[in-house]
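Visitor: I have a structure open and would like to learn how to read its features. Could you walk me through it?

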Amino acid sequence: MTTLVWLQRELRVENAPVIEQALKHSDKVILAYFHDTKKVIGDANNAWLAKSLLNLKEHLKAYQADLWMIEGDFEAQLTQLIKEQNIKHVYYSYQVGSPFVDMQQTALEVCKQCKVALTPFYSEFLLEPELMMNKQQKPYLVYTPFYKNFLSKQYQIQPIVEQSDYEKLLSKAGLIDLPNTFAELPKSLAQILEQPWANKIMVHWQVGEQAAWQTLQQFLADDLQDYAVDRDFPAYSATSKLSSYLHFGEISIRAIYFYVQTEIEQGRLKADIAQPWLRQLVWKEFARHLLHWFPKTETKPFQEKYLSMQWDKNANLLALWQQGQTGIPIIDAGMRELWETGIMHNRVRMLVASFLTKNLNQHWLLGKQWFDDTLLDADPANNVMGWQWVAGCGVDAAPYYRLFNPVTQSVKFDKNGDYLRRWLPELKMLSVKAIHEPWAFKQECEIKGIVLGRNYPKPLVDLKQSREEHLARVSKMKVS
């Protein structure tokens with residue numbers, strides 16, 4: 001029997017139950033990635049994706065296996081492959097959000113028409129969504145109860161296969177001759193790698209399983225000890241930097257969980273030190289569960305009353321926010337970090353989202369779409385939950401009256417302005433006080449040759465006034 005393992009965003013060889021089970025129950029296995037240019041997340045995502053596919057293909061050679069990379073209309077290509085290779089079973093790892101859910105539905109329809117079995121795996125979750133229901137058998141809408149329930153059920157997390165046994169299974173893969181047409185990186189992805197902007201972003205990163213594990217081990221050794229305190233400071237190298245690896249499935253969240261637990265059991269890590277970071281991993285799990293149960297939140301506010309919210313439509317304001325030209329240093333630094341590296345510190349993500357939606361009154365979907373296109377780790381679940389949380393229209397959301405004051409936050413989490421100086425070189429000569437709000441230190445700016453409106457923008461809005469206007473809008477919405 002020939003089985004197709006259809007890969008989406010689980011681009012690894014090890015700790016991959018979908019591959020393991022296909023190898024156990026099949027005579028021949030095809031490992032394939034389908035690239036439909038109509039079903040992608042964004043350009044930055046595709047830059048990492050291209051390199052990750054090449055890395056995976058190279059990794060598979062060690063097991064005498066190969067990766068089929070198929071470009072074109074997904075439905076047509078899947079149907080053709082099933083028929084030409086006489087495939088009897090399709091395995092895949094279930095993913096949430098766009099474009100994955102649509103493709104998974106298409107795969108179901110194709111397999112029904114071709115009379116082929118289709119089996120989903122939930123290996124990209126710690127626990128399947130159906131296992132994480134409240135006492136009323138409904139999804140959790142608040143994180144803390146979700147987390148407590150997770151702690152009570154973590155013993156149910158499915159273990160991963162021993163590596164020695166897995167390697168024996170992998171030796172069976174790739175037994176079908178790989179057509180030349182499917183051996184090369186899809187042309188649209190290859191073209192992205194030729195773009196200067198892609199090279200600019202990817203120079204900051206190593207992709208693939210090996211890099212993911214090295215990143216994890218370095219984080220546990222060097223930064224975990226101070227993570228609980230330092231993770232909010234964007235100038236520090238204090239976070240795990242695993243978000244992109246997790247998004248592309250180059251490392252499994254289950255593998256991380258069991259690895260950390262083993263380190264704790266063997267005395268190399270302390271449980272109380274590891275717990276704050278593990279809690280953040282479960283936050284990622286919470287986002288995936290929410291999008292599984294509430295897929296409409298990708299385009300609609302969870303709180304329906306926000307459908308009546310009166311957003312402004314100002315393409316100029318949006319463009320200046322995107323370009324890091326708002327005149328608010330911490331906002332501009334974050335947006336420039338994103339443009340340069342394809343990533344942004346999580347604390348700063350909240351600040352730029354709050355500024356766009358509450359101070360500039362631009363729709364949260366506009367911000368989400370920009371993040372989709374520019375973030376390497378633009379995970380559908382994390383992205384939509386983050387934007388709705390900050391905008392105040394999601395589950396477990398920040399109250400509508402909570403606006404992050406970017407200056408206060410900047411002073412608190414980048415006291416000496418190190419992060420600001422890195423991304424805003426035009427302000428690097430300013431003092432510790434002035435760099436957070438240069439408009440309040442006009443004399444110092446003049447002395448140091450900084451002319452607001454020329455060397456650096458004037459603020460797009462008055463922070464106090466725009467806060468009051470936001471509160472008035474939401475109050476009006478609540479009344480109506």
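**Reading the sheet**

Guide: Let's start with one strand pair: E1 is joined to strand E4 (residues 89–93) by 4 bridges, and the two run parallel. Keep in mind that this is a predicted model.

Visitor: What holds strands of a sheet together in general?

Guide: Strands of a sheet pair through backbone hydrogen bonds, and the pairing can be parallel or antiparallel. Here, you can follow the E1 and E4 pair residue by residue: Thr 3 stands opposite His 89 in E4, and Leu 4 stands opposite Val 90.

Visitor: Which strand does E1 join through 6 bridges?

Guide: That's strand E2 (residues 28–35), which runs parallel to E1. Look for Leu 7 of E1, which stands opposite Tyr 33 in E2. From E2 you can step on to E3, again parallel, over 4 bridges. Phe 34 marks that step, standing opposite Ile 70 in E3.

Visitor: And how does E4 pair with E5?

Guide: In the parallel sense, over 5 bridges. Val 90 is a handy marker here, since its bridge partner in E5 is Leu 118.

Visitor: In what order do the 5 strands come in the sheet?

Guide: The order is E3-E2-E1-E4-E5, the sheet is open and the pairing is parallel. At the edges are strand E3 (68–71) and E5, each of which pairs on one side only. From one strand to the next, the twist averages 30°.

**Crossovers and cover**

Visitor: Where do the helices come in?

Guide: Trace the chain from strand to helix to strand. E1, helix H1 (residues 17–24) and E2 form a right-handed β-α-β unit. Another right-handed β-α-β unit is made by E4, helix H4 (residues 100–114) and E5. H1 lies across E1, E2, E4 and E5, and runs at about 160° to E4.

Visitor: Is E4 enclosed or open to the outside?

Guide: Count its buried residues: 5 of the 5 residues of E4 are buried, so the strand is largely enclosed by the rest of the structure. Then check each face. His 89, Tyr 91 and Ser 93 are buried on one side, and Val 90 and Tyr 92 are buried on the other.

Visitor: How many residues of E1 are buried?

Guide: In E1 (residues 2–7), 6 of the 6 residues are buried. Both faces are covered: Thr 2, Leu 4 and Trp 6 lie on one side, with Thr 3, Val 5 and Leu 7 on the other.

**Backbone oddities**

Visitor: What should I look for in the backbone angles?

Guide: Most residues other than glycine have a negative phi, and most peptide bonds are trans. Now for the cases that go the other way. Asn 86, in the loop between helix H3 (74–84) and E4, has a positive phi near 55°. Asn 86 counts as partly exposed, because its relative accessibility is 46%. Lys 115 also has a positive phi, near 55°, and sits in the loop between H4 and E5. With 77% relative accessibility, Lys 115 counts as exposed.

Visitor: Which peptide bond is cis?

Guide: The bond from Ser 98 to Pro 99 is cis, with omega near 5°. You'll find Pro 99 in the loop between E4 and H4.

**A buried glutamate and the cysteines**

Visitor: Is Glu 124 buried or exposed?

Guide: Glu 124 is buried, because its relative accessible area is 9% and the cut-off for buried is under 20%. This residue lies in the loop between strand E5 (117–121) and helix H5 (143–153).

Visitor: What does Glu 124 touch?

Guide: Leaving out residues up to four places away in sequence, its contacts include Arg 9, Arg 12, Tyr 94, Gln 95 and Arg 288. There is also a polar contact between the side chains of Glu 124 and Ser 123, at 3.0 Å.

Visitor: How many disulfides does a search of the whole structure find?

Guide: A disulfide is a covalent bond between the sulfur atoms of two cysteines. The search of the whole structure finds 0 here. You can still look at individual cysteines: Cys 393 is buried at 0% relative accessible area, and Cys 445 is buried at 1%.

Methods: Residues numbered from 1 in each chain as written. Predicted model: local features only at pLDDT ≥ 70, side-chain atom pairs only at ≥ 80, totals over all residues. Heavy atoms only, no water. Buried < 20%, exposed > 50% of the residue type's maximum accessible area, 1.4 Å probe, protein only. Polar contact = N/O pair within 3.5 Å; in protein donor to acceptor, adjacent residues only side chain to side chain. Contact = heavy atoms within 4.5 Å. Disulfide = S-S within 2.5 Å. Pairing = 2+ DSSP bridges. Right-handed = clockwise from strand over helix to strand, strands pointing away. Axes fitted to C-alpha atoms, helices over the stretch in contact; angles between N-to-C directions.
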